[in-house]
Amino acid sequence: MLPALLLVPAGPAQAADKNPDLKVSIQSLSPSRLAVGKKVTMTGTVTNRDDHAWVDMQAYLVIPTVPFTTRAQILAAIDNGNSYTGTRVVEPGTFDDMGDLAPGQTRSFTIKVPYDDLAVSGAEGVYPVGVQILATDTDGARSINALGRATTFLPLLTSTKAPVPTSIVWPFLMPDRRGKDGDYEDPAGLLKAIAPQGRLRNLLDLATSTSGNATTVLVDPALLVGVDDLANDRHVPAGVEITDQQRSEAELFEQDLLAFARARSTWIIDFDRPDLLALSQNSDLKAPLSEAIQRATDAALTKFQLSGRRVSWPTSQGVTSGLLSDLRGAGDSPVIVTREALSGWDRRQGSVVQYTTPNGPVPLFVDDELDADVPGLDSVTTLRQRILSEAALAALQRTIDPQSRADAITMVDPGWDPGPNWSEGKLSEAFSTPFTIAASLDSVLTRSLTSYQGSVPKSAKATPLDRSTLVAASDILAKGSALSSLVPQRDSVDDSLARDVAGILGVRWRKDPEEATSIANELARRAGSQLRKITIDGPQLVTLSSSKGGFPVTIRNDTDEEIRVGVSIDSSNPALRIPAVAPVDIGAGERRTLTVDIDLGHQSTTSLTARLVSADGEPIGTAAEFNVRSSHIGAVLWIAMALAGLFVLVALARRFTRHRTRNRGRIVSERPVDDDD
C-alpha cells in the first residue's frame with residue numbers, strides 16, 4: 001500500500017494567478033533521522049518570482065502517516081506524476097506566518113513540529129517530508145492548494161541493520177569554452193565560479209569537508225587547464241583585465257582542487273567531456289580524434305601531476321550497446337550511465353554492475369537519483385537526506401534479501417551550487433549512522449560485481465555532433481600535424497593541437513552545432529596558414545659552368561616557432577638522383593640560404609622540384625621549381641680548339657720566318673757596289 005501522501009491532489013492554486021512562481025528551498029532539517037519523541041525542525045527560503053506580491057504567506061510541514069519501505073514505491077509515485085504532499089500539519093504553533101512577499105523578494109521560514117503532532121505510524125522506512133506554501137493573491141483569493149513546495153526524505157530505522165556501502169561522487173567540469181580566436185568566451189564567469197562564494201568554490205569546500213573514505217572525485221582535466229590559463233593570462237580576450245586578486249583566487253582554487261583530488265579516490269574523464277556517441281558513429285574518423293583527446297588528457301595530467309582511474313561519461317540519452325562495446329577498452333575503465341539506459345537494472349544489483357559486450361565485460365556505474373523529480377531546489381540538506389534515505393532503503397532490502405547488493409552511492413549534479421552557507425546542511429551526518437559505511441567507488445570496484453543481463457538501447461535518443469564538425473576537427477589534425485613535424489620541441493605544439501581538437505568535440509557543442517563546425521573550420525584554416533608561413537624559393541634559372549655545381553635556395557620561417565627542416569630535390573629526369581639537403585634549424589622569423597649540389601652528368605638541362613621535408617622525410621608545404629642548364633664544353637671540342645690554336649701559332653711562326661728572310665735579302669741587294677769589287 002502506498003503512503004497516504006499520494007492520495008492528496010497536487011492541483012494548482014485557485015487564486016487569480018493560475019501559475020504561481022514561488023521557488024522553495026529546504027536549508028536545514030533536524031534531526032536527520034526521524035526518532036520517537038524528537039521535534040522536527042525545518043528551515044528554508046521562499047523566493048517570489050512573480051510580478052506581483054503574495055500576502056499572508058504561511059509555511060506548513062507535510063509528512064505522510066506511513067513511510068516508503070522500498071525504492072520501487074518512490075519511483076512508482078514519481079512516474080505516476082503524484083506530488084509528495086503528505087498530510088499538512090496545522091496544529092497551532094507548528095507553522096510559520098511569513099507575512100507578505102513582494103516580487104523578487106526572498107523570505108526565510110522556520111517550522112517546528114513536536115513528534116506527536118507529526119501523527120506518523122512510527123514504522124521503519126523513509127518518510128517524505130516537506131514544506132507547503134500558502135498565501136493570498138492581490139485580489140484577496142486564497143486557495144487550499146500549495147503555491148510552492150519542496151520535499152526531501154526522513155528515514156526512520158529503529159532496529160540494528162548491517163551497514164551498507166555509502167559514497168558520494170563529486171564532479172568538477174569545465175564550464176567555459178574557447179572560440180575561434182582560441183580565447184575563452186566567458187573568463188569572467190569562470191573567475192566568478194572559483195572565487196570565494198562562487199559555485200565551484202562552494203562545491204570544492206563542501207566536498208573537502210566530507211569523509212575521505214566516502215569520497216570519489218570526478219575531474220575534467222580541461223577545468224585544471226582553464227583555471228591555470230586564467231591564472232597566467234593565457235587565452236584571455238582583449239579588453240578583459242584579470243586582477244591580481246583574481247589570479248590569486250585562481251591559483252588557490254587550482255592548488256586546493258589538486259590537493260583534494262590527490263588525497264581521494266579520483267576518477268578522470270577525457271578532456272572536456274567529448275561526445276563519445278559522435279565518435280562511435282563515425283568510425284572512420286574515430287582513431288585520430290580519439291588519439292588527440294587522449295593526448296590532451298595525458299598532457300594535462302602530466303602537467304598537474306594527477307593520476308586516477310579513467311572513466312567514460314556519455315550523455316544520459318546517448319548510451320547504446322554499440323557505444324559500450326567501443327568503450328570497453330582494457331576492461332577496467334568504468335562507464336557512467338543513468339538508470340534510463342538500463343531498463344532491466346534494479347537497485348539490489350548495486351550501483352556498479354558488469355555488462356558484457358562483444359569486446360568483453362565493462363563495469364557500469366549507474367547514476368540513479370532518488371529525488372530527481374521531487375519539488376523544490378536542491379540544497380546540502382536535501383543531498384544529505386537523499387544519501388541517508390538511500391542507505392536506509394538499502395539496509396531494509398538487505399535485511400529481507402541477503403543476496404542484495406543495494407548501496408547508497410550518490411552522484412552530485414555537476415552544475416549544482418551548494419551556496420556559501422553549505423555548512424548549515426551538516427553533510428557529514430550522512431556518514432555517521434549505524435547503517436552506513438564509507439566506501440569509495442574504487443573500493444566497490446575491487447569487489448565482485450553483479451552481472452547485468454538486461455538490455456541496453458541499440459539506438460540513442462540524443463543527437464550527437466554533426467559529422468561535419470568531426471571532419472573539420474580531423475582537418476585541424478592534418479594541417480597542424482604537418483606543422484608540428486617541423487618543430488624540434490614538437491610536444492608542446494602537439495599538446496596544444498590536441499587541446500584544440502578535444503575542445504571542439506565536447507558534448508557542450510551539441511547545443512550549438514553550427515558554431516562548433518565554424519570554429520573547427522577556423523582552427524583548421526589557422527593551422528594551414530601557419531604552414532604557409534614556411535616557404536622555399538630560389539633562382540628560376542640556374543646556369544652551371546660545368547656538369548657539376550651548386551645553386552642557392554632560401555627557406556623563410558615566418559612562424560612563431562623554431563623549425564627543423566630539410567630540402568628534397570626531384571628531377572624531371574628519373575635517372576638523375578640529387579642528394580637531399582640535411583635538415584637545419586631555423587629560428588622563428590628567420591630565413592636561411594642553403595646550397596644544393598648537383599651533378600648533371602651528360603645532361604645539358606633539367607627541371608628540378610625542391611620541397612621542404614620534415615626530419616622524418618615527410619613533404620611539407622608547396623614545392624618550388626627550378627630550371628638548371630650546363631654550359632660545359634666537351635673534351636673533343638677542347639682538343640679541336642687546342643689544335644686550332646696550335647695551327648694558328650705555327651702559321652704565325654712560319655709567316656714571321658718568311659718575313660724575316662725577305663727582309664734580309666732586300667738588304668743585301670740594296671748594298672752599294674765598291675770599285676775595288
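**A helix with one buried face, and a five-stranded open sheet**

In this predicted model, the buried residues of helix H3 are Pro187, Leu190, Leu191, Ala193 and Ile194. Viewed down the axis of H3, these buried residues fall within an arc of 160 degrees, so they line one face of the helix. The face turned away from that buried side carries the exposed residues Ala188 and Lys192. As for what lies over the buried residues of H3, the cover includes helix H4, helix H5 (221-231) and helix H6 (244-262).

Of these neighbours, H4 can be followed in more detail. Two packed helices are described by the angle between their axes and the distance between the axes. For H3, which spans residues 187-194, and H4, which spans residues 199-208, the angle is about 30 degrees and the axes lie 4 Å apart. Because angles under 35 degrees count as roughly parallel, H3 is roughly parallel to H4. On the H3 side the contact is made by Leu190, Ala193 and Ile194, and on the H4 side by Arg199, Leu200 and Arg201. Sorted by character, the residues of this contact comprise 4 nonpolar and 2 charged ones, with no polar residue among them. Leu190, Ala193 and Ile194, which contribute to the contact from H3, also belong to the buried residues of that helix.

Further along the chain, the description turns to strands. Strands of a sheet pair through backbone hydrogen bonds, either parallel or antiparallel. Here an open sheet of 5 strands has the order E20-E26-E25-E22-E23, and its pairing is mixed. Its edge strands are E20 (541-544) and E23 (581-586), each of which pairs on one side only. Neighbouring strands of this sheet are turned against each other by 30 degrees on average, with direction ignored.

Starting from the edge strand E20, 4 bridges join it to E26, and the two strands run parallel; within this pair, Val542 has Val628 of E26 as its bridge partner. On the next step through the sheet, E26 (residues 619-630) is joined to E25 by 8 bridges, and these strands run antiparallel, with Leu608 finding its bridge partner in Phe626 of E26. E25 and E26 form a hairpin with 5 residues between the strands, in which Gly617 takes a positive phi near 90 degrees. E25 (residues 605-613) is also joined to E22 (residues 563-571), through 6 bridges and again in an antiparallel arrangement, and here the bridge partner of Val567 is Leu612 of E25.

Technical notes:
Residues are numbered from 1 along each chain as its sequence is written. This is a predicted model: local features need pLDDT of at least 70, side-chain atom pairs count only at pLDDT 80 or more; totals for chains, interfaces and linings use all residues. Side-chain values use heavy atoms; hydrogens and water are left out. Axes are lines fitted to C-alpha atoms, for helices over the stretch in contact, and angles run from 0 to 180 degrees between N-to-C directions. Angles under 35 degrees count as roughly parallel, over 145 as roughly antiparallel, 65 to 115 as roughly perpendicular and the rest as oblique. Contact means heavy atoms within 4.5 Å. Ala, Val, Leu, Ile, Met, Phe, Trp, Tyr, Cys and Pro count as nonpolar, Asp, Glu, Lys and Arg as charged, and the others, Gly among them, as polar. Two strands pair if DSSP finds at least two bridges between them. Buried means under 20% relative accessible area, exposed over 50%, partly exposed in between (1.4 Å probe, protein chains only). The arc is that of the directions from the helix axis to the C-beta atoms.
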